[in-house]
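Me: I am new to this structure and would like a close look at a single part of it. Please choose one helix and explain carefully how it sits against the rest of the chain.

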Amino acid sequence: MSPFIQVSTTVDSREDADKIAELVVSRRLAACAQVVGPIRSTYWWGGKIEDAEEWLCLMKTRAALYGRLEQAIRSVHPYDEPEIIALPVVEGSEGYLRWIEVETSDQ
């Protein structure tokens with residue numbers, strides 16, 4: 001398993017995405033959080049197909065921090081069951097990965 005991951009979540013407003021980004025970076029649970037959007041999402045919910053405008057928040061962190069990061073996201077996320085997924089960082093520049101490690105380490 002890679003020691004680094006990229007975690008993503010979506011929300012229905014720029015303000016909520018910014019709130020999540022600020023929270024996780026200020027707590028050093030992610031070295032970086034990027035907000036992308038608006039995006040269009042089509043998905044199943046409550047037995048029917050939904051279509052919504054959303055904002056995507058991408059967070060770079062260490063895999064060891066996933067549990068704490070998920071808890072922080074859930075503490076402010078407006079959805080009943082938010083998308084919170086992590087993908088391993090398979091490769092990355094040595095300097096960038098070191099930066100993630102340094103910025104998410106206990107200070």
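Reply: What follows is a look at the helix α1, beginning with the chain around it and ending with the core.

The model is a predicted one, and its chain has a secondary structure of three helices and four strands. Read from the N terminus, these elements run in the order β-α-β-β-α-β-α. The C-alpha atoms of the chain fill a box of roughly 45 × 25 × 20 Å along the principal axes. A compact globule of 107 residues would have a radius of gyration near 13 Å, and the 14 Å of the chain agrees with that. Of these 107 residues, 36% count as buried, and among contacts between residues at least 6 apart in sequence, 72% join residues that are at least 24 apart.

The helix α1 covers residues 14-26. Its 13 residues should span 18 Å at 1.5 Å a residue, and the C-alpha atoms at its two ends are indeed 18 Å apart, which agrees. Within α1, the buried residues are Asp16, Ala17, Ile20, Ala21, Leu23 and Val24. Seen down the helix axis, these buried residues fall within an arc of 165°, so they line one face of α1. The face turned away from that buried side carries Glu15, Glu22 and Ser26, which are exposed. After the helix comes Arg28, whose phi is positive, near 60°.

What lies over the buried residues of α1? The cover includes the strands β1, β2 and β3 together with the helix α2.

This arrangement can be followed into the largest nonpolar core, which has 17 residues, and in which Val7, Ile20, Val24, Met59, Leu69 and Ile73 touch the most other members. At least two residues of this core come from each of β1 (4-11), α1, β3 (48-62) and α2 (66-76), and the largest share, five residues, is supplied by α1. Two of the buried residues of the helix, Ile20 and Val24, are thus met again among the core members that touch the most others.

Met59 shows how these parts come together, for, leaving aside its neighbours within four places in sequence, Met59 is in contact with residues including Ile20 and Val24, as well as Ile5, Val7, Leu69 and Ile73. Other contacts of Met59 include Ala30, Cys32 and Ala33.

Methods. Residues are numbered from 1 along each chain as its sequence is written. This is a predicted model: local features need pLDDT of at least 70, side-chain atom pairs count only at pLDDT 80 or more; totals for chains, interfaces and linings use all residues. Side-chain values use heavy atoms; hydrogens and water are left out. A nonpolar core is a set of buried Ala, Val, Leu, Ile, Met, Phe, Trp, Tyr and Cys residues joined through side-chain atoms within 4.5 Å. Buried means under 20% relative accessible area, exposed over 50%, partly exposed in between (1.4 Å probe, protein chains only). Contact means heavy atoms within 4.5 Å. The expected span of a helix is 1.5 Å times one less than its number of residues. The arc is that of the directions from the helix axis to the C-beta atoms. The radius of gyration is taken over C-alpha atoms; the globule rule is 2.2 Å times the number of residues to the power 0.38.
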